[in-house]
Amino acid sequence: MTASFFDRTDLNAAATQRIVDNALNGCDDGELYLQYSQSEAFVFDDGRLKSASYDVSQGFGLRAVLGETSAYAHSSELNEAAIKRAAQSVQAVKTGHDGTLAAGPRGTNRHLYTDDNPLDAVPFADKVKLLEQINAYARDKDSRVRQVSASLSGTWEIVEIMRPGGLIVRDIRPLVRLNVSVTAGEGDRQEGGSTGAGGRRLYTDYMQPDFWQSQVDEALRMALVNLEAVPAPAGETEVVLGSGWTGVLLHEAVGHGLEGDFNRKKTSAFAGLLNEKVAADGVTVIDDGTIEGRRGSLTIDDEGTPTSRNVLIEDGVLKGFMQDRLNARLMGVEPTGNGRRESYEHSPMPRMTNTYMEGGKHSQAELIESVKDGVFAVNFSGGQVDITSGKFVFNCTEAYEIKGGKLGRPLKNCALIGDGPTVLKRVSMVGNDFSLDPGIGVCGKAGQGVPVGVGQPSLKIDRLTVGGAGA
């Protein structure tokens with residue numbers, strides 16, 4: 001299955017190339033995107049295998065770009081007739097106009113992950129057995145465990161991109177993920193905790209007992225902590241964020257505002273602020289699609305551009321944006337390898353890969369000790385963000401009060417409310433404990449979801465609004 005699309009279908013490479021050349025003649029940009037995908041998912045719940053699914057899909061998307069306008073046609077049929085019909089559709093963008101076709105991407109990235117198929121590497125029975133073991137282990141750990149849910153999923157994709165002039169680039173992309181959720185209860189009260197891990201690798205790493213047992217232990221720990229939680233106070237206070245997954249706040253509240261399309265259209269809170277101070281000293285934000293094996297990494301993006309390490313904010317100064325080819329051309333800059341799409345059915349747009357804040361010099365203990373009265377937020381669930389203003393609301397799945405520089409009681413129903421640009425300026429201490437998330441991020445934009453990574457060190461934010469029900 002690793003053979004080229006032109007070796008295992010009825011497509012003829014030379015004939016397809018002619019169709020692409022003719023369709024995109026007179027355009028500014030465009031490509032033929034070919035994709036083959038296998039995916040599977042297992043869900044274990046209520047002590048039994050609740051669902052198991054397997055899917056195979058393939059298809060193409062043909063895009064023609066002229067100025068700011070894109071025409072896009074796609075089909076699950078991989079044959080010459082379907083591509084010809086798509087070519088006729090996208091040529092409508094050229095009516096009365098002429099463009100100069102931009103040069104294709106140069107070079108390729110280093111190989112960031114294995115070509116092996118994770119779905120084939122482990123037998124079906126072993127995957128089910130892993131979920132059974134997770135369930136049994138969690139229930140044996142503590143008598144307060146009332147519910148255990150575990151899921152395992154994987155995909156394997158082959159992507160080929162053809163441009164006018166014969167450029168074909170190729171990428172083979174594995175992706176796996178393990179999730180564990182535990183609900184614990186005492187009397188009438190019950191609370192949950194969840195963990196997960198994933199990346200562009202095989203299942204093998206996640207099937208080692210030391211690994212999956214640590215995931216169960218962490219989910220159970222969070223559930224038991226939340227059983228003791230008291231209602232969070234409401235009001236503006238100092239907040240310390242933990243490292244790792246809390247970078248999802250950075251991703252949502254800041255990262256989307258640094259994508260090229262929002263800045264070209266001037267709908268981002270950061271539009272027009274290039275080379276200006278937008279964050280506190282010591283705040284450096286990076287998007288890096290070249291980290292080996294990470295969930296958000298790509299050898300090439302979905303336009304064929306090699307991914308790269310892009311410095312977005314450096315020591316508080318805005319240095320650049322994440323760009324696909326269309327927005328980079330219109331803004332007069334180089335594409336950064338951030339053109340991404342959910343599948344062949346979607347046109348690419350600027351998207352994050354692995355977005356994180358670099359570490360500083362303070363220990364997490366120093367950050368907590370510096371707070372007289374505040375909140376320590378360790379983990380988040382979902383949030384809501386307005387890209388134009390950067391305003392956000394994030395719910396904490398694990399949080400603690402800070403009293404006199406020491407951690408106090410765990411808090412429940414704790415929400416963090418603010419806006420990204422303001423929060424960046426209120427960062428007063430940056431921790432030295434930088435870490436990336438465990439590999440569970442999915443980013444949504446314009447109806448498309450793609451895997452991403454986030455990360456950051458612990459941070460102290462001088463003032464942030466906390467929404468809660470406590471006094």
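The following exchange concerns how terms are applied to this predicted model.

Modeller: In this predicted model, local features need pLDDT of at least 70 and side-chain atom pairs count only at pLDDT 80 or more, whereas totals for chains, interfaces and linings use all residues. Residues are numbered from 1 along each chain as its sequence is written, and side-chain values use heavy atoms, with hydrogens and water left out.

Colleague: Why is the protein chain called as compact as a globular protein of its length?

Modeller: The globule rule is 2.2 Å times the number of residues to the power 0.38, and the radius of gyration is taken over C-alpha atoms. For 471 residues the rule gives 23 Å; the chain has 24 Å, which is close, so it is as compact as a globular protein of that length.

Colleague: What makes a set of residues a nonpolar core, and which members of the largest one touch the most others?

Modeller: Such a core consists of buried Ala, Val, Leu, Ile, Met, Phe, Trp, Tyr and Cys residues joined through side-chain atoms within 4.5 Å; buried means under 20% relative accessible area. The largest core has 43 residues, and Leu258, Ile313, Phe380, Leu416 and Leu424 touch the most other members. Helix α7 (247-255) is among the elements supplying at least two residues, and α7 gives the most, with five. A second, separate core of 29 residues includes Leu34 and Leu119.

Colleague: How many of the residues in the chain are buried, as a percentage?

Modeller: Buried residues make up 55% of the 471.

Colleague: Which residues are in contact with Leu424, leaving aside neighbours within four places in sequence?

Modeller: Contact means heavy atoms within 4.5 Å. Among the residues that satisfy this for Leu424 are Leu250, Val254, Phe270 and Ile313.

Terms used:
Buried < 20%, exposed > 50% of the residue type's maximum accessible area, 1.4 Å probe, protein only. Helix = DSSP H or I, 4+ residues; strand = E, 2+ residues; numbered from the N terminus.
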